[in-house]
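Let's take a walk through this model, starting with its charged pairs, then moving to its nonpolar cores and a few unusual backbone spots.

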Amino acid sequence: MKPLMLLVGLLFFPMQVNSFENYSQKITVMQINAKWNKHHNVDLDGLKNCKVQFAWLEDQPESLKNMIQTVPIIVIYDGKKPVRQWSADLSFQLDIDLDEIQKTINSIK
């Protein structure tokens with residue numbers, strides 16, 4: 001799983017080098033989902049002390065698409081380092097609440 005989290009980070013963050021440098025010491029929560037599965041997006045708006053990003057799987061390079069087996073997927077980064085990841089099961093839903101994600105974020109600080 002770590003190679004997947006690293007690949008996701010490398011594919012997204014180099015595109016935003018200047019803005020990412022400002023967040024290099026901050027926590028980022030990234031969600032990737034497929035457009036056909038948008039009704040299972042996880043609402044991350046209530047998270048505090050982090051930057052939240054979202055991307056459609058269809059808009060990603062083939063190398064990343066081939067690595068993701070289920071969507072949605074949520075990855076927490078501390079700077080550029082992936083810290084925690086949640087992936088959907090075969091139902092293509094994530095069984096997670098914001099409290100669990102927020103506890104992970106708080107434990108990083």
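A quick word on ground rules: this is a predicted model, in which local features need pLDDT of at least 70 and side-chain atom pairs count only at pLDDT 80 or more, while totals for chains, interfaces and linings use all residues. Residues are numbered from 1 along each chain as its sequence is written, and side-chain values use heavy atoms, with hydrogens and water left out.

**Salt bridges**

With K35, let's begin at the surface question: at 41% relative accessibility, K35 is partly exposed. That label sits between buried (under 20% relative accessible area) and exposed (over 50%), worked out with a 1.4 Å probe on protein chains only. K35 pairs up with D59 in a salt bridge, and their closest N and O atoms are 3.7 Å apart. K35 sits in the loop between β1 (27-33) and β2 (51-56), and D59 in the loop between β2 and α3 (62-67), so this pair ties together parts that are 24 residues apart in sequence. Helices (H or I, at least four residues) and strands (E, at least two) are DSSP runs here, numbered from the N terminus.

How many salt bridges does the structure hold? There are three, counting a side-chain nitrogen of Lys or Arg within 4 Å of a carboxyl oxygen of Asp or Glu. Here they are side by side:

| Pair | N to O distance |
|---|---|
| K35 and D59 | 3.7 Å |
| E62 and K65 | 3.3 Å |
| E100 and R84 | 3.6 Å |

The E62 and K65 pair stays inside one element: both residues lie in helix α3, three residues apart, or about one turn of the helix. K65 is partly exposed, at a relative accessible area of 25%.

The salt bridge between E100 and R84 links a helix to a strand. E100 belongs to helix α4 (residues 98-108) and R84 to strand β4 (residues 81-87), so the pair ties together parts that are 16 residues apart in sequence. Both ends come out as partly exposed, E100 at 33% and R84 at 32% relative accessibility.

**Nonpolar cores**

Now for the greasy bits. A nonpolar core here is a set of buried Ala, Val, Leu, Ile, Met, Phe, Trp, Tyr and Cys residues joined through side-chain atoms within 4.5 Å. The largest one has 14 residues, and I74, I76 and I101 touch the most other members. β1, β3 (73-78) and α4 each supply at least two residues of this core, and α4 gives the most, with three.

What does I101 contact, once its neighbours within four places in sequence are set aside? The list is L44, L47, I74, I76, W86 and I96, with contact meaning heavy atoms within 4.5 Å. There is also a second, separate core of 11 residues, which includes A34, L64, I68 and V71.

**Backbone oddities**

V71 turns up again here: the peptide bond from V71 to P72 is cis, with omega near 0 degrees. P72 lies in the loop between α3 and β3. Most residues other than glycine have a negative phi, and most peptide bonds are trans.

Two residues go against the phi trend. N49, in the loop between β1 and β2, has a positive phi of about 60 degrees although it is not a glycine. N49 is partly exposed, with a relative accessible area of 48%. F92 also has a positive phi of about 60 degrees without being a glycine. F92 is found in the loop between β4 and α4 and, at 26% relative accessibility, counts as partly exposed.
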